[in-house]
Amino acid sequence: MSRLVAIIAVIFLTACISLPAAAITWVDTKVDDPYSNKVCKVHEPASFGSYIYSYPSKWDGVYWPYTDENWLWTCPSGYVGFGDDVAFENDGKDIPETERNAVTSYLASHTKAPKTADEKFNRLSDLEALKQKSASERAFQARLEAYWKNDNARREAAIPLQEEALSEVSDSQERMQLTFVLGVYNEVSGHADLADEWFTRTRETPWTDAEGKEQVGSPYLNSLIDEFLEARRPTANTPPE
């Protein structure tokens, strides 16, 4: 886990630690293209604040920088990956051989480089589908695609993936995120009764803080549940903004 992602995880779990209200800024940098001998011109986060948890992507359980085009590192070979992709580490030596072969084959048949944000994300989605992923990673990718496309059909289709991930993870933070998303996705799919059950599980999830004290639920997610239920209507809706 990168330092940036680790910081974001702490904010999510506690929701009582606020970073300075700095604007989101990026700096230019270069990395080696893992699928050519060229260089990728990319961006790295330089500053951000806890306000990233107020963005609409919160309803899908995906957060900045994964929702930002700048984090879609795009290379001359046509490869697109998130900035913390293992492909950009250790000169690409950590890429599994089967994955490298599959991606190389894909890039050979898709020679037009993606330019727009949608094209980059679609390319990333295609490439991610070629990789060996855990249930948790596949669940995250499904949520991210639902957010990018703002598509309730994708949210409903993603429900089984979230349930599969939940059966495999033990981390309380991740379990709360999954049960919360299952609440939202069931609600927008027209299953308010199931949504209530998942929201209750979110509120009642136990976890241990940094001082070893037992806690229950996440203040941040509890506030989102309250906001979501307040906006509830008789029929399924897109998540609040």
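Tyrosine 66 is buried in this predicted model, with a relative accessibility of 13%; the residue counts as buried because this value lies under 20%. A total of 18 aromatic pairs was found. One of them joins the rings of tyrosine 66 and phenylalanine 140, whose centres are 5.4 Å apart. The planes of these two rings meet at 80 degrees, and the pair is therefore edge-to-face, the class for angles over 60 degrees. Distant parts of the chain are linked by this contact: tyrosine 66 belongs to the loop between strand E2 (39–47) and strand E3 (72–74), whereas phenylalanine 140 is part of helix H4 (residues 135–149). The two residues are 74 residues apart.

A tilted aromatic pair is formed by phenylalanine 180 and phenylalanine 199. Their ring centres are separated by 6.0 Å, with 40 degrees between the planes. Because phenylalanine 180 is located in helix H6 (residues 172–188) and phenylalanine 199 in helix H7 (residues 192–203), the pair ties together parts that are 19 residues apart in sequence. Both partners are buried: relative accessibility is 0% for phenylalanine 180 and 2% for phenylalanine 199.

Tyrosine 66 and phenylalanine 140 also belong to a cluster linked by ring pairs. The other members of this cluster are Trp26, Tyr35, Phe48, Trp64, Trp71, Trp73, Tyr79, Phe82 and Phe88. Within this group, the ring of tyrosine 35 has a further contact, as the charged end of arginine 100 sits over it at 5.0 Å from the ring centre.

Methods
Residues are numbered from 1 along each chain as its sequence is written. This is a predicted model: local features need pLDDT of at least 70, side-chain atom pairs count only at pLDDT 80 or more; totals for chains, interfaces and linings use all residues. Side-chain values use heavy atoms; hydrogens and water are left out. Rings of Phe, Tyr and Trp (its six-membered ring) pair if their centres lie within 6.5 Å; planes under 30 degrees apart count as stacked, over 60 as edge-to-face and the rest as tilted. Helices (H or I, at least four residues) and strands (E, at least two) are DSSP runs, numbered from the N terminus. Buried means under 20% relative accessible area, exposed over 50%, partly exposed in between (1.4 Å probe, protein chains only). A charge sits over a ring if NZ of Lys or CZ of Arg is within 6 Å of the ring centre and within 35 degrees of the ring normal.
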